[in-house]
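Work through the exercises below with the sequence and the coordinates at hand. Each task is followed by a solution in steps.

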Amino acid sequence: MTNPNTASAPHKKPSFFKRFVEQWDLQLLVIPGIILLFVFSYIPIYGLVMAFQEYRMGDFPGSSEWVGFKQFVSLFTDPYLPQILRNTMVISLLKLTIGFVCPIIFAVFLNEMHADKTKKVIQTVSYLPHFISWTVCAMLLMDLLGSKGAVMDILALFGVERFDFFQRGDLFWGMALISDTWKELGWGSIIYISAMAGVDAEMYEAADIDGATRAQKMWHITIKAIKPTIVLLFIMQVGGILNANFDQIMMLTKQLGNSMLKDYANVIDTYIFQVGISQGRVSFGTAAGLVKSAINFILLIVANTIADKAGENALF
């Protein structure tokens with residue numbers, strides 16, 4: 001007969017060292033990642049002290065003259081700041097709404113295709129732009145959207161007077177949205193397609209028996225099944241709302257050398273690059289980067305809290 005005291009005795013959890021030894025092969029796979037994370041993500045945090053100093057090239061981080069909040073005052077009183085914030089927010093919000101929704105729609109419609117060969121071809125073609133650098137993409141766009149490009153050739157057939165898209169600043173936000181969506185459409189849909197693969201086929205069969213239309217099945221089964229994935233990715237994207245794709249902006253504006261686009265294209269990241277790197281104001285650039293990261297972090301917490309309160313899947 002089993003001793004009840006023995007049966008109910010709590011199981012002692014193995015020590016960290018014992019578990020480490022037992023899982024040594026798995027730990028070896030994890031350690032390089034931890035080291036890279038520590039070197040490139042945690043050690044640089046010490047450099048944030050430069051935001052409160054007047055750093056000069058050659059100084060060891062932390063040894064420069066302490067100036068308190070001088071860099072932050074200069075940042076918030078900069079006359080170009082409202083324009084930069086406007087550009088950043090407009091481009092980011094366009095990508096957060098339209099650019100975020102397009103991969104979901106693409107994945108849903110791709111999931112509805114039953115011709116496997118055609119489906120695989122479309123998937124492969126849609127993934128390819130992701131692997132093209134923004135340098136190459138910018139060159140292609142300049143050829144297509146120039147005054148003598150293919151797009152203008154088509155528009156000219158409808159009586160539109162020829163012009164260069166890259167000489168029209170008021171069109172830049174649309175170009176940034178469309179080019180980014182085109183480039184990341186297929187790649188962004190991968191995670192949704194993977195989530196749809198886990199949907200039970202019997203749910204669709206039951207819906208067919210109940211007389212549900214294809215649109216109803218898409219909305220009530222497919223979209224509902226990937227809803228947790230959508231919420232998680234949306235929260236993460238909100239946390240990076242002030243990241244307006246530095247590479248894209250720099251290439252489309254020829255490293256901000258295109259004066260016709262600069263007033264609409266200069267965002268926080270390019271501003272930090274211009275002032276902090278090109279002009280050598282490292283402390284000012286560090287302060288601007290710190291403010292951007294703090295705002296992104298706050299937005300991430302707010303979005304996560306709202307999702308959690310609404311009963312949705314949250315990051316933490």
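## Exercise 1: a loop asparagine

Asn258 lies in the loop between α12 and α13 (259-265); helices here are DSSP runs of H or I with at least four residues, strands are runs of E with at least two, and both are numbered from the N terminus. The model is predicted, so local features need pLDDT of at least 70 and side-chain atom pairs count only at pLDDT 80 or more, while totals for chains, interfaces and linings use all residues. Residues are numbered from 1 along each chain as its sequence is written, and side-chain values use heavy atoms, with hydrogens and water left out.

Task: state whether Asn258 is buried or exposed, and list what Asn258 is in contact with.

Solution.
- Step 1. Apply the accessibility classes: buried is under 20% relative accessible area, exposed is over 50%, and partly exposed is in between, using a 1.4 Å probe and protein chains only.
- Step 2. The relative accessible area of Asn258 is 12%, so Asn258 is buried.
- Step 3. Count contacts as heavy atoms within 4.5 Å. With neighbours within four places in sequence set aside, Asn258 is in contact with Phe166, Gln167 and Thr253.
- Step 4. For a distance along the chain against one in space, take Gly169: Asn258 and Gly169 are 89 residues apart in sequence, and their C-alpha atoms are 9.7 Å apart.

## Exercise 2: positive phi

Task: find the phi values of Asn245 and Gln255, and place both residues.

Solution.
- Step 1. Recall the background: most residues other than glycine have a negative phi.
- Step 2. Asn245 has a phi near 65 degrees, a positive value in a residue other than glycine. Asn245 sits in the loop between α11 and α12 and, at a relative accessible area of 23%, is partly exposed.
- Step 3. Gln255 is not a glycine either, yet its phi is positive, about 55 degrees. Gln255 belongs to the loop between α12 and α13, and its relative accessible area of 57% makes it exposed.

## Exercise 3: two helices and their faces

Task: for α7 and α6, check the span and say where the buried residues lie.

Solution for α7.
- Step 1. The expected span is 1.5 Å times one less than the number of residues. Helix α7 (residues 134-145) has 12 residues and should span 16 Å; its end C-alpha atoms are 16 Å apart, which agrees.
- Step 2. Trp134, Cys137, Ala138, Leu141 and Leu145 are the buried residues in α7. Down the axis they fall within an arc of 100 degrees, so they line one face of the helix; the arc is taken over the directions from the helix axis to the C-beta atoms.
- Step 3. Met139 and Asp143 are exposed on the other side of α7.
- Step 4. The packing partners of the buried residues of α7 are α8 (150-156), α9 and α12 (246-252).

Solution for α6.
- Step 1. Helix α6 (residues 116-127) also has 12 residues. From its first C-alpha to its last, α6 reaches 16 Å, close to the expected 16 Å.
- Step 2. In α6, Lys119, Gln123 and Ser126 are buried. They cover an arc of only 70 degrees around the axis, which puts them on the same side of α6.
- Step 3. Lys117, Lys120, Val121 and Val125 are exposed, on the face of α6 turned away from its buried side.
- Step 4. Among the elements covering the buried residues of α6 are α5 and α9.

## Exercise 4: two residues of α5

Task: compile the surroundings of Leu110 and Asn87.

Solution.
- Step 1. Leu110 is part of helix α5 and counts as buried at 3% relative accessibility.
- Step 2. Not counting residues up to four places away in sequence, Leu110 touches Lys119, Ile122, Gln123 and Ile193. Leu110 and Ile193 are 83 residues apart in sequence, with 8.2 Å between their C-alpha atoms.
- Step 3. Asn87 is also found in α5 and is buried, with a relative accessible area of 0%.
- Step 4. Leaving aside neighbours within four places in sequence, Asn87 is in contact with Trp173, Lys262, Asp263, Tyr264, Ala265, Asn266 and Val267.
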